[in-house]
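Me: I'd like a close look at one part of this model. Here's what I have loaded.

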Amino acid sequence: MELSQPSSKNQALLDAQLELWHQTLCYIKSMALKSAIDLRIADAIHDHGGTATLPQIATKIMLHQSKLPCLRRLMRVLTITGVFSIIEHPTDGAGEHVYGLTPASNLLVSSTSMNLSPFMTLMLDRVFVSPFHGLGEWFEHELPNLTLFKMEHGHNAWDFAGHDAKFAKIFDNGMVADSSFNMDIVVKECGDVFQSISSLMDVAGGLGGASQAISKAFPHVKCSVLDLPHVVAAAPAGTDVDYIAGDMFESIPPADAVLLKWVLHDWGDAECVKILRNCKKAIPPRDAGGKVIILDMVVGAGTSESDLKHRETQVLFDLFIMFIDGTERDEQEWKKIIFEAGFSDYKIIPVVGVRSIIVVYP
């Protein structure tokens, strides 16, 4: 029997329904990814030589046999969404699929230096996800009001981490993984930015992961970290990096260049201008090599009209960081605070995925 097709009007309605279903169920993709990380499925496939059947994965992750049909359904989602691949299909309905790693799931293997599992774990943690259930309610309040995070948890993110050791560890591990991954690319792709300087001040640089990567790649650059006293007190010993206790809103020690890595998106325009003015006081003139190196997102940079995933990820992250009162800026918004702080020029280098390097000149 020949099946009839819906009329164009009804097809349009069904397409609209599909769009709403797809948008609504997107969180299932995130939770499926979280499950894969929690179960260490990427490790299981990697440890099995890079390919594995479902029973082999189940054995490796010590999954009870009763959950095998459920694992098959999870893997179906994770292969359709590109986290894993199917290397071999069973013939005539017999046998098992053979699963493999993709470029994405290679970044979830814990034994590799490019492991992003800790950062994904942080981003998908209940502490970060739960505030967004109240996003609509938050919009109903007049600014200035509580941040979305504080409305949900009763503390800002930094105080919450200070009172919850488990979350603090997840947060620290996530930030280290993200920084290590990006700095590895930065030092390889943007060596010219660091070759011409002899000293660098990493402002709000935490435990110095970025500075250590720069110091290792460019031994001629003397790297220092400026951060709050309690952060510096926990700094590692035996590195080539100096740690200085201070406050970037008060003053910044002198250096050829100042590094601001994922710092300014936490602050409003007025605070950013104050930080940048202190940076300008700390560096020499442009003809003597002075510059500020900003690693952050420039919404719209490095994208084309056809690159929907890139643009969508940037604006999604901007909405995400709004929950702690942060903001991601487009080029015009960056230009405004850079020039208001007294700088004369800047250059955007979009080579860090959805993020960019912004070199700012006095």
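Which residue forms a salt bridge with Asp269, and how far apart are the closest N and O atoms? Walk me through what surrounds that pair, and then how it fits with the rest of the chain.

Reply: Keep in mind that this is a predicted model. The partner of Asp269 is Arg329, with the closest N and O atoms 3.1 Å apart. Asp269 sits in helix H16 (residues 269-282) and Arg329 in strand S10 (residues 329-330), so the salt bridge ties together parts that are 60 residues apart in sequence. The two ends have their own settings: Asp269 is partly exposed, with a relative accessible area of 32%, whereas Arg329 is buried at 2%. The pair isn't on its own, either. Salt bridges that share partners join Asp269, Arg329, Lys336 and Glu340 into one network.

Now follow Arg329 to a neighbour you'll probably want to inspect. His265 has Arg329 among its contacts, together with Asp296, Phe317, Ile321, Gly326, Thr327 and Glu328, leaving aside neighbours within four places in sequence. UniProt lists His265 under "active site", and the entry is unreviewed, so take that label with the caveat that such annotations may be inferred rather than shown by experiment. His265 is in the loop between S7 and H16, and it is buried, with a relative accessible area of 8%.

Trp262 belongs to that loop between S7 and H16 as well. A polar atom of the His265 side chain lies 3.4 Å from the backbone oxygen of Trp262. Trp262 is also worth a check on your Ramachandran plot: its phi is positive, about 50 degrees, although it is not a glycine. Most residues other than glycine have a negative phi. Trp262 is buried, with a relative accessible area of 11%. For another case, go to Met62, which has a positive phi of about 55 degrees and is not a glycine either. Met62 is found in the loop between helix H4 (54-60) and helix H5 (68-80), and it is exposed, with a relative accessible area of 76%.

Back to H16, the helix that holds Asp269. The largest nonpolar core has 30 residues, and those with the most contacts inside it are Ile252, Val258, Leu260, Leu264, Val292 and Ile294. At least two residues of this core come from each of strand S4 (199-203), strand S7 (257-261), H16, strand S8 (291-296), helix H18 (331-340) and strand S12 (355-361). H16 gives the most, with 6 residues. To see how that packing looks from one position, pick Val292. Apart from neighbours within four places in sequence, Val292 is in contact with Val258, Leu260, Cys279, Ile283, Phe343, Ile358, Val359 and Val360. Apart from the largest core lies another, of 28 residues, among them Val225, Leu259, Leu295 and Val359.

How does the starting pair compare with other charged contacts? Side chains of opposite charge can pair when their charged atoms come close. The count comes to 10 salt bridges. One of the others is Lys222 with Asp242, where the closest N and O atoms are 3.4 Å apart. That pair links distant parts of the chain, with Lys222 in strand S5 (residues 222-227) and Asp242 in strand S6 (residues 242-245), 20 residues apart. Lys222 is partly exposed at 39% relative accessibility, and Asp242 is partly exposed at 37%.

Lys188 and Asp184 also meet in a salt bridge, at 3.1 Å from N to O. These two are 4 residues apart in helix H12 (residues 165-189), so they are separated by about one helical turn. Lys188 is exposed at 61% relative accessibility, while Asp184 is partly exposed at 26%.

Finally, here's a charged residue left without a salt bridge. Asp125 is buried, and the nearest side chain of opposite charge, Lys34, is 6.2 Å away. A salt bridge here has to be within 4 Å, so that separation doesn't qualify. Asp125 lies in the loop between helix H7 (117-123) and helix H8 (126-129). A polar atom of the Asp125 side chain does lie 2.9 Å from the backbone nitrogen of Val127. Not counting residues up to four places away in sequence, Asp125 touches Phe167 and Ile170.

Technical notes
Residues numbered from 1 in each chain as written. Predicted model: local features only at pLDDT ≥ 70, side-chain atom pairs only at ≥ 80, totals over all residues. Heavy atoms only, no water. Buried < 20%, exposed > 50% of the residue type's maximum accessible area, 1.4 Å probe, protein only. Lys, Arg positive; Asp, Glu negative; His and termini not counted. Polar contact = N/O pair within 3.5 Å; in protein donor to acceptor, adjacent residues only side chain to side chain. Contact = heavy atoms within 4.5 Å. Core = buried A, V, L, I, M, F, W, Y, C linked by side-chain atoms within 4.5 Å.
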